[in-house]
Every structure is written in structure tokens, then in C-alpha cells.
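Work through the two exercises below with the structure open beside you, and try each task before you read its solution.

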Amino acid sequence: MCEKDLVIVGAGPAGMAAAISAYESGVRDILLLERDQYLGGILNQCIHTGFGLTYFKENLTGPEYAHRFIKKINAIKEIEVSLKSFAVHLTNENVLTYIKPGALEKIKAKAVIMATGARERTREMVHIPGTRPAGIFSAGLAQKLINIEGLLPGREVVIIGSGDIGLIMARRFILEGAKVKAVIEIQKQSRGLTRNVVQCVEDFGVPFYLSHRIAKIHGKNRVEKVDVVRVDEHLHEVADSMFSIECDTVLISVGLIPENELIEMAGAVIDKKTNTPVAQEINKTSIPGLFVCGNSFKIYDLVDSVSKDSIHAGYQAAEYIRGLG
Amino acid sequence: MKSVPVFDVLVIGAGVVGAAIARELSRYKLSIAVLEKEEEPAFGVSKSNSGIIHPGTQNPAGSLKGRLCLEGNILIREISRELGLDFKEAGELIVAFTQDEIQRLLTIKSEAETLGVPGLKIVDMAWLRENEPNLNPEAIAALYAPSAGVISPYRLVYALCENALKNGAEFYTQTKVENIIFTKPGFEIQTSKGMFKARYVINAAGLYADETSAMVGINDFRIAPRKGQEFILDNKKENLTNHLIFPLPSKVSKGILVIKTADGNPMIGPTAEEVEDKEDFSTTEEGLKKVFEGARKLVPSISQDDIIAYFSGLRPASGDDFIIRYEDKAPGFINVAGIQSPGLTAAPAIAKMVCGILREKGLQLEKKEDFICEREKPIHLFNISLSETEKLIKQDAGYGDIVCRCEMVSAKEVQDAITAGARTMDGIKFRTRAQSGRCHGSFCTTRLMKILSEKTKTPLTAITKSGKGSEIVKGERVSL
């Protein structure tokens, strides 16, 4: 078992900002783990603009925003980066096990920062009945298929939920020549940012159904259509309000849920409803020396705020390590 | 004209019944063909099975179901050892809430004992508190059947198929039987992939067994699909119960259960709904409600937030008992139909019974000296320790390349699954568990598609969820 001052899990915007800030606060022995083969996390697939408006006072794309941090990380030799590295175990004494092609490593760290991000809530979590054919994607998966893999997931799309990724994907599909037939939101207002509603949905004339929900997904091999119903203020179905929309693709964009399975394994107290650590102070957990930042601590609207709070996490971890003497 | 080879035995359907029959027959010097209409085995009834290996507590002693279930429960243990499957003897509890229900438990117990089910006992409230702490405290007693167990239903089918294949059986997938002509003797089987000939035909066509049987003029039974909706819980809830938990059975089903599975995730369900459509695999809001109410009656702490997945399956029901018989009106044709619960448990015993019928009807069964009874156990990181994982990674770096983060599945396991026969995303899921966790494949889909594409030399645009028509994407992005 080797030892490290600080191990950071996840090299998306949160992990990178925390690593740089910890270094700038004096930590000189940092390991940054990333399960993917490149740094930057989900920003790599967010090729639209709107990033950096508050943090850099510039309008950047996701990859551009990430690149500014990647450049810094690469320039700091005290930050050891390990790609394709997947954390599998964590104890309440900050012993972290990770595996990568060819090796399993166990590390005792003075402090650990978990910057593991979030996963998308699924169709199953909102209990949408119907069949399970091909053509049902989380909005983020559809984004990855289009922007990273160069594939078109569908041609006639219905988007369930109005989270920001779903709204942005409405525009993305249209730009790729697909037809977006509806955005369906159960609440009375959009969950996403106003600018996304305007620029990604309204400007393209996509029908936006508020106070509606999907009653059923149809299709044997591939999605064929969805049934939609209107809901009242108690979110109950309004009688005789059902109509169907033919489509070959359903995107699910019903929010994010923090990924905190490892800190839960370590015994940190977790709020079951939000899947976030229960803590007195931002970025902290019930386990000393175990920090959580970015979307795994709470779901942020803007990456700029993730960077700001994660810089604080790097500072907090540095303070903690210094306190150990 | 090219001459078509004549198979000794042709099995229609590569679900658990067809697979078990093919494997059993492959012990003998026979030429065997298995035809499956889907892209891969286990894609019909078997894929939505609960995975319960029943002890035999709920079928009359005189029935085929009862006898074959009991025999299958014993045989499955040997098959699991031989074929490298994880069979867990979890034991089951049929729970009673009233004195009247205890009387019913006693009746079930005595019937099951007549059948020969081993180890049954009535356990009291104190035993239940001690051994099943999450059970509804209002439960006052239960019938404990220690020989009940769980297995992965699709991995059982794949293991049987792989072993049958190794022993010379031939598998033809995407091969739908369109007509059968009785050529006296023998049969010509017209399919979507051309004509086959066989001396004996075994109809293990699941939901379509009635239609297949009607092709040779036997139409005295009908398969009435009975839908079961099941809901899968997060594997964090693995230890929700220590046993399979059953309520007292109704006339048509065993009721809503709390099921342990071989993979850890508990499951709740199934419903029992008569449906007309053999392709109605939809779940409904009412189904969820019903399952949820039933499950919470047994284990009140189950929450809707624990549900990570759900599906519907169709039981190929026909009357009260299995239909396993040689058809004298179409000599050489054997129906194996109406194999609903406890079909998975009974499958190995059904296979032996079918061999017996074939022998009795004149097929010579001569044992192969070189029959390979064992299959190398596939590796699943999710059910081995980290120290074992470490050793494996040193042998093959691919075990350290994690593809599916929720279920911890490595690239090596995915590649091995494809080598073993997976051709679709569902095929990979059933064999490895990749995509079956809480993120539902959001993170691993693209990587899995690429591995499948590379290994099978298929373009990414042709990768399917479960066969033709279920392509994951609609095409490449158009470059302007």
C-alpha cells in the first residue's frame, strides 16, 4: 500500500479545480484519478457555448472551458494524473482502492476529495410504463453519441423532462436534421435555464408541453410512439386528456443524481432522498479528511459555480492536511 | 438440387427448455439442430424469468409440474457445478398472517411432503424475527423450504447452449419456423433461413408452441399468455431479505414475491394478468401499484426509490399442467408446451423425460465417449473479491479496464461474452450485467457498442439492442 497526501477521484471540472487549488494551497503530493481516457469529464461532450460567463467572463464551449484547466494540470508536475483508473473501494480511514488496465492499487491518503459527478435520473426512477425497445436514451447518452461518436441516435424525437441537457439536445438534434416533436414537462415551468428554453426550444418552434407527462411508451423493437396526458396541479392525470405522438426516439432528461456510492461504502452519512453527503459545511462529509465537491456534493446549474466551490474544496483539503502536521 | 442434411433431432426454441433438451441429447451420438427465431438464445420467455429454483411446494404430487420440479431442483445443482453457474440455495418462506393461513401452510406442507420435498418445517414468529428481520412483524408463521434457490435464468440458458454446442449440437438463430411438413417418416421444416429436415422434432417454442404444434395438425391446446410484471431493486438492497419470501398462493399464481436473485439485486413481483397479445411486454402503472402493495405487505421497508428497473414477461400457460407428450398423430413430433412456472426448475428434468420418450419411441441413444460435461466458469468481477480481481488483472490487463461502473464489468468480460456468443447489447447485458445497474447504460453504452462492433466486425450503426429492427442509432451524423 502506498501513501499520498491527497487523492482526488474524478477529473472533470470539479476534480481539476480542486487539484489545482490544493496545489496552490501548498499540497505537493497529489494523485488525480480519472476513469475515462482523457481529462475534462462530461465537459468534453458539451460542445455548445455558455460556459465560463462568470468564471472567465467569456463565452466558452465545454471543451474550451475544460482545456483551460487541463493545461494547468499538465503544467503542474506534483499532480500525478492516472487515466482509465476506476475507484472501487474506500474506507472511513481514507484507504482507497482503484483498478486500471494491468493493476490494482491501494492507497492510504491523508485526505480524499471525491469529485465523481452525477448520473442522470432514469426512466425507471420516474416510473414511465410501457415497453422497453431500442430508442430510449438519457439525454447525456444521446449527447455523447452525437458529439463524441458522430452517430445520430434518432430522427423523430420526444424529450421527456426539461432539464438543461434535454433542452440543449433539442437544438442539437434539430441541427443534425432530426425532428424534435415535443418536450414534455410535468411541472408548470421548465426545470432548465431560461436561456436554454429560449435558445434551444422556442427559437426552433419545438412544441413545449408544460403540465404534461408521458403515460406510456410504445414499440416492440424500436420506439414507435408515446402517449401523453395533461396533469393538474397535484400532478394527477386530467381525464380524457390523452394524445399520442409518433416518434422513434425518447430522451429522458429528468434531472441528475449525485454519484456517492463510494463514500456511502466508506460509511459517510448520506441523505437518501438527494444522495448527497450530510454535512455541516460545504464540501465536507461526516468522515474527517473526506471531501466531496462539484455535482457529487450538490447539483449545480453552472459549471462556473462548480469550479468556484471546488477550488474551495482544494483549499479545505490542504488545510486539513496541514492540520495533521 | 443441393441435398439438405437430415438431423436426428431438431429442437424448436432456444429457451431454457430447448437448451436443456439440446444439452441432454448432446450426450448421445446424434445430429442435433436447435432453431431459434430470435437473434440469441434466451430472448423469449426465459429472459424474463424470476430465476427461482422452486422446491416443489406448490404443485400437486400427481402432476408433471410437481414431479419434474422436484427432480429439476436436484439436477440443477449438478448442472451448476458442471457448467460453472452460481446456484444459491437461499431457501424460501411462505408467510402466514392469520391462524387460517397457518392451516393452509399445514396443507401445503403435507402435500409437498407427499411429493417428497425435503426439509420442510413450520417456523414461528421468534424464528422469523431472528432470521428475517425486515419481514412484516405481523407475520405469525411461515413454511420454510430450505431447498429453494436462485440462479441467473439467462446465464443458465447460455451455459446449456454453449455446452450443447461444444458437444456438437448446431444452433441456428434468427431462424423462424414457418411451416412443418410431415414427410412420413420425418419432417421438413420450412424456416425464414431455408429448409431443414429431421427425423424427430421437439416443439419447445414457448409462447408459440400452440402455433408450431398446429403446423403438424395437433391443435388441441392453446397457449394463453399470462403477463408478469417485475420490478428490480438497487443492489444496495441485496440483504433486504435472507430468503425468498412468498405469500400464500392464489389459484392462478404464487402471488407477489420478494425475490433474491443470483446477481444480488432483489426483485419484487410478478403480477399475473391474462393477456391476448403474445408480444405485449409493456409494464403499467397499475402493475407497479399492485406489485408494490404486495411486496410491502411482506417487507414494509421497500421504497419506490429502490426500484432501478422493471420489465414484463409472459408465461406460456396452457391449462393446469405441463404438456409433454409424443404425438401419435404425427409420429416423431414431441410437444413440450405450457412450460410456465416451475419451468426453469423443471427444465433439466423435462430434458431427461424427453430423452426417455425418444428412446421409447425407437430413437437409438448411444452415449458419446467424448462428451464434455464441463464448461469453464466465466469470470464476473462483481462476485469475486478484490484480491482475486487483483490476480486476474495481473494475468490479463483487460480485467482492469472497467466498462460498466455501476456493476463493475471489465472490457475482458465483455469480450469473453462476445466470444461465447453475445451479438446484441441485451446479449451482453444478460451475460455480464453491463447496463443493468442504476445508470441503465448511460455511461457504458458507447463503449460496449464499440467493443461489440470491433469484435464482430459490424458497423456501429448496425449494433442492435436485441436483434434486427432494434438498432441503437439511426445512422451516422451527417457531415455538412
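The exercises concern a sheet and a pair of helices in a predicted model.

**Exercise 1. The sheet in chain A**

Find the order of the 5 strands in the open sheet of chain A, and then work out which strands stand at its edges.

Solution. Step one is to follow the sheet across, which gives the order 10-18-12-13-14 in chain A, with parallel pairing. Step two is to look at the two ends of this order: strand 10 (136-138) and strand 14 (208-209) of chain A each have a single partner strand, so one side of each is left without a neighbour in the sheet. Step three is to inspect the pairing of strand 10 of chain A, which is joined by 3 bridges to strand 18 (residues 249-252) of chain A, and here A:Ile136 stands opposite A:Val250. Step four is to add helix 4 (residues 164-175) of chain A, which packs on the sheet and touches strands 12, 13 and 18 of chain A.

**Exercise 2. Two helices in chain B**

Decide how helix 1 and helix 5 of chain B are oriented relative to each other, and describe the residues of their contact.

Solution. Step one is to read the geometry: helix 1 (residues 16-25) and helix 5 (residues 153-166) of chain B pack at an angle of about 30 degrees, with their axes 8 Å apart. Step two is to compare this angle with the limit: angles under 35 degrees count as roughly parallel, and the two helices of chain B are therefore roughly parallel to each other. Step three is the handedness, since helix 1 of chain B passes helix 5 of chain B in a left-handed crossing. Step four is the contact, whose residues include B:Ala19 and B:Arg23 of helix 1 and B:Leu156 and B:Asn163 of helix 5; they divide into 10 nonpolar, 1 polar and 1 charged.

Key. Residues numbered from 1 in each chain as written. Chains lettered and ligands numbered in written order. Predicted model: local features only at pLDDT ≥ 70, side-chain atom pairs only at ≥ 80, totals over all residues. Pairing = 2+ DSSP bridges. Helix = DSSP H or I, 4+ residues; strand = E, 2+ residues; numbered from the N terminus. Contact = placed C-beta atoms within 7 Å. Axes fitted to C-alpha atoms, helices over the stretch in contact; angles between N-to-C directions. Parallel < 35°, antiparallel > 145°, perpendicular 65-115°, else oblique. Left-handed = near helix turned anticlockwise from the far one by under 90°. Nonpolar A, V, L, I, M, F, W, Y, C, P; charged D, E, K, R; others polar.
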